Amino acid sequence: GPAKGPAKAQVTVVEFSDMQCPHCQKAEPTVEALLAQEPDVHFVFQNFPLPTHNWAEKAAGYVDCVGRASGDAVWKFIQKTFEEQANITEANVDEKLKAIATASGANADEIAACAVKPETKARIEASLALGKAVRVSGTPALYINGRSVAGGTPVDTLKKIVDFMASEEKGEK
């Protein structure tokens with residue numbers, strides 16, 4: 001999935017998320033606050049569209065394609081999609097996601113074409129398989145250095161966990 005922060009960081013935070021999930025929408029500001037306070041963390045966003053959400057898989061395709069095409073635009077795309085979540089329906093999803101892609105600085109037509117390609121679907125399926133392999137049962141699911149952390153954990157607690165993991169990696173028990 002799309003990633004930011006130093007690739008060789010002592011702490012890696014992985015979030016499995018669904019763009020249509022209201023709990024993921026609520027968690028997004030917390031994750032952003034954590035990353036703002038912990039710039040040395042490597043963060044990876046993994047698509048995990050739930051089958052009960054009728055436009056989540058399409059949005060996952062957009063996230064994947066924006067992330068590969070435009071780098072930083074993906075973070076704007078994710079944030080704006082969460083902001084618009086209540087206004088997106090199965091009927092208007094293409095129009096809304098294209099508008100969000102454009103507003104994020106991506107080429108909407110290229111992203112829309114990319115989102116339906118078999119290789120994009122394969123990447124989303126690989127992300128789902130990874131999530132299932134680490135026992136993701138719902139979204140959002142956060143992992144800090146491979147350890148599961150409950151979704152909805154306050155940013156102060158997440159920061160303490162990150163700091164503890166960093167000190168553990170340095171050998172400071």
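How far is the sulfur of Cys-24 from the closest cysteine sulfur, and in which residue does that closest sulfur lie? In this predicted model, the closest cysteine sulfur to that of Cys-24 belongs to Cys-21 and is 3.0 Å away, which is too far for a bond, given that a disulfide is assigned to cysteine sulfur atoms within 2.5 Å. Cys-24 is buried, with a relative accessible area of 0%, and Cys-21 is likewise buried, with a relative accessible area of 2%.

A search of the whole structure nevertheless finds one disulfide, which is formed by Cys-65 and Cys-114, with their sulfur atoms 2.0 Å apart. The torsion about the S-S bond of this pair is about -80 degrees, and the disulfide is therefore left-handed. Because Cys-65 lies in helix H2 and Cys-114 in helix H5 (residues 108-115), the pair ties together parts that are 49 residues apart in sequence. Both Cys-65 and Cys-114 are buried.

Helix H2 (residues 56-70), which carries Cys-65, also packs against helix H3 (residues 73-84), the two axes coming within 8 Å and crossing at roughly 155 degrees. As roughly antiparallel is the term for angles over 145 degrees, H2 is therefore described as roughly antiparallel to H3. On the H2 side the contact is made by Ala-59, Tyr-62, Val-63, Val-66, Gly-67 and Ser-70, which meet Ala-73, Val-74, Phe-77 and Ile-78 of H3. Classified by residue type, this contact of H2 with H3 has eight nonpolar and two polar residues, and no charged residues.

The strands form an open sheet of five members, in the order S1-S3-S2-S4-S5 and with mixed pairing. S1 and strand S5 (147-149) stand at the edges with a single partner strand each, so that one side of each is left without a neighbour in the sheet. In general, the strands of a sheet pair through backbone hydrogen bonds, in either a parallel or an antiparallel sense. Strand S1 (residues 3-4) is joined to S3 by two bridges and runs antiparallel to it, with Phe-43 of S3 serving as the bridge partner of Lys-4. Strand S2 (residues 12-17), by contrast, runs parallel to S3 and is joined to it by six bridges. The pairing of S2 with strand S4 (residues 141-144) is antiparallel and extends over four bridges. Val-14 takes part in both of the pairings of S2, since it stands opposite Val-44 in S3 and opposite Tyr-143 in S4. Helix H3, already described as a partner of H2, packs on the sheet as well, where it touches S1, S2 and S3, and its direction makes about 55 degrees with that of S3.

Strand S3 (residues 42-47) is largely enclosed by the rest of the structure, because six of its six residues are buried. The burial extends to both faces of S3, with His-42, Val-44 and Gln-46 covered on one side and Phe-43, Phe-45 and Asn-47 covered on the other. Two of these buried residues also appear in the strand pairings, namely Phe-43, the bridge partner of Lys-4, and Val-44, which stands opposite Val-14.

Notes. Residues numbered from 1 in each chain as written. Predicted model: local features only at pLDDT ≥ 70, side-chain atom pairs only at ≥ 80, totals over all residues. Heavy atoms only, no water. Axes fitted to C-alpha atoms, helices over the stretch in contact; angles between N-to-C directions. Parallel < 35°, antiparallel > 145°, perpendicular 65-115°, else oblique. Contact = heavy atoms within 4.5 Å. Nonpolar A, V, L, I, M, F, W, Y, C, P; charged D, E, K, R; others polar. Buried < 20%, exposed > 50% of the residue type's maximum accessible area, 1.4 Å probe, protein only. Pairing = 2+ DSSP bridges.
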